[in-house]
Amino acid sequence: MYDKLLHMDLDTNIIGLPGNSSVSFIAFADDVALIVTGLTTETLEEMTNEAQPELIINDIRVTPKEKLKYLGIELCKKLGYGTHIRGAVVKAGRTASALERILPNVRGARQDKRKILATTVPNQLLYGAPIWADALQFENNVKMILGPQRKIALRIAMAYRTVSTSAVMVVAGTIPVHLMARERQKKYRQIQMLTGHGCFGYYLNKYKIRTSAECVDCHMPVDNVEHTDFECDRWWQERRSLEAIVDCDIGPDSIIGAMLKSRENWRAVKEFVGKILGIKEEEERQTQRGSLA
Ligand SMILES: [Zn+2]
């Protein structure tokens, strides 16, 4: 069945201009997603035919839903991650309750053993965190996600329920989960820098999200990871500040060596990449929202 699906003629670029629209399948293991893109609302409507699109494959009608789960991440119709966070909190809450039952405050396992068992809770909460960490700018999401972690931190610290969340996290020696999510997001950007798979003109053009690979800041014809990190004029101040810390000129051949010289250098490169890619991602999001409005 998969072979048939993946070889279907999806009649892409229906208005005949390359890059304006596309329809494609993305498949991984037993998950299949049909991706429809268009730079304008009109194109998208044309691609999906109706405001409430219906897809019929082999006479089987696939109707749209309010939310979907793809590779373990729940996406709602508004393209927000609140639904996913709520689901992760419920799941991790169940784990925390089960652990509570085997870890009484009086007697029972030592603190180091409690700590090992407790790691399951933040791990469940943080699945796919680099993708949805931006949703933690909303206070209610942070509060929600801290709930199960607080529950289990009370058992690590063997503390009363009246102790504040910040205090119990310190005594239990656990990093608040919303900070861990941010940290994972920074690591994710380091990976984008090393692989070139990120918010770069070249990459966005390759996947038909943009019509051109050029740099929107300095209009050089190709915006790729080398251009963004080492050449683009927009980021010269950030680059000079980084070079002052790592004490060498940075380029494709020297950046890895500089990162590995010291912890401080590693952190500085991480901050540099995180800042630039964070700004680029946010600007791209704004542009896409603008073109879909
Ligand atoms: Zn540029």
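**Entry 1: N205 and helix α10**

I began at N205, which I found in helix α10, spanning residues 201–206, and I kept in mind that I was reading a predicted model. I counted 17 C-beta neighbours inside 10 Å around N205, so I noted this residue as partly exposed. Setting aside neighbours within four places in sequence, I found N205 in contact with R210, S212 and A213. I then looked further along the chain to V222, which is 17 residues from N205, and the C-alpha atoms of the two are separated by 9.9 Å.

**Entry 2: the chain as a whole**

I stepped back to get an overview, and I counted 14 helices and six strands in the chain. Of the 293 residues, 24% are buried. I also looked at contacts between residues at least 6 apart in sequence, and 50% of these join residues at least 24 apart.

**Entry 3: the hairpin of β5 and β6**

I turned next to two of the strands, β5 (67–70) and β6 (73–76), with L71 in the loop between them. The two strands run antiparallel and are joined by four bridges. Following the pairs across, I saw L68 opposite L75 in β6, and I found that the bridge partner of Y70 in β6 is I73. Together β5 and β6 form a hairpin, with two residues between the strands.

What is the sign of phi at L71 in the turn? Phi of L71 is positive, at about 50 degrees, although L71 is not a glycine. I wrote this down because most residues other than glycine have a negative phi. I also checked the surroundings of L71, and with 12 C-beta neighbours inside 10 Å it counts as exposed, since the cut-off for that class is 12 or fewer.

**Entry 4: M158, another positive phi**

I came across a positive phi again at M158, where the value is near 50 degrees in a residue other than glycine. M158 sits in the loop between α7 (139–157) and α8 (165–172). Is M158 exposed or partly exposed? I counted 16 C-beta neighbours inside 10 Å, and M158 therefore counts as partly exposed.

**Entry 5: α3 against α7**

I then followed α7 to its contact with helix α3, residues 82–102, and noted that the axes of the two helices come within 9 Å and cross at roughly 10 degrees. Angles under 35 degrees count as roughly parallel, so I described α3 and α7 in that way. On the α3 side the contact includes G82, I85, R86 and V89, and on the α7 side it includes N141, M144, I145 and G147. Further along, A96, L99 and E100 of α3 also take part, as do K151, I152 and R155 of α7. Sorting the residues of this contact by class, I obtained nine nonpolar, four polar and four charged.

**Entry 6: the nonpolar cores**

Which residues have the most contacts inside the largest nonpolar core? This core has 26 residues, and those with the most contacts inside it are I85, L125 and A153. I listed the elements that give two or more residues to the core, and they are α3, α5 (120–125), α6 (129–132), α7, α8 and α9 (177–195). The most is given by α7, with seven residues.

I looked at A153 more closely, and, leaving out residues up to four places away in sequence, I found that A153 touches V168, M169, A172 and T174. Apart from the largest core I found another core, of 16 residues, which includes M193, V246, V273 and L277.

**Entry 7: R239 and E231**

My last two stops were charged residues in helices, and the earlier of them in my notes is R239, in helix α12, residues 236–246. R239 has 19 other C-beta atoms within 10 Å, which makes it partly exposed; the cut-off for a buried residue is 20 or more. I compared its position with that of D249, and the two are ten residues apart in sequence and 9.1 Å apart in space, C-alpha to C-alpha.

The other residue, E231, lies in helix α11, residues 225–231. I counted 16 C-beta neighbours inside 10 Å for E231, and so I noted it as partly exposed. Between E231 and G251 I found 20 residues of separation in sequence and 8.9 Å in space, again from C-alpha to C-alpha.

Notes: Residues numbered from 1 in each chain as written. Predicted model: local features only at pLDDT ≥ 70, side-chain atom pairs only at ≥ 80, totals over all residues. Axes fitted to C-alpha atoms, helices over the stretch in contact; angles between N-to-C directions. Parallel < 35°, antiparallel > 145°, perpendicular 65-115°, else oblique. Contact = placed C-beta atoms within 7 Å. Pairing = 2+ DSSP bridges. Core = buried A, V, L, I, M, F, W, Y, C linked by C-beta atoms within 7 Å.
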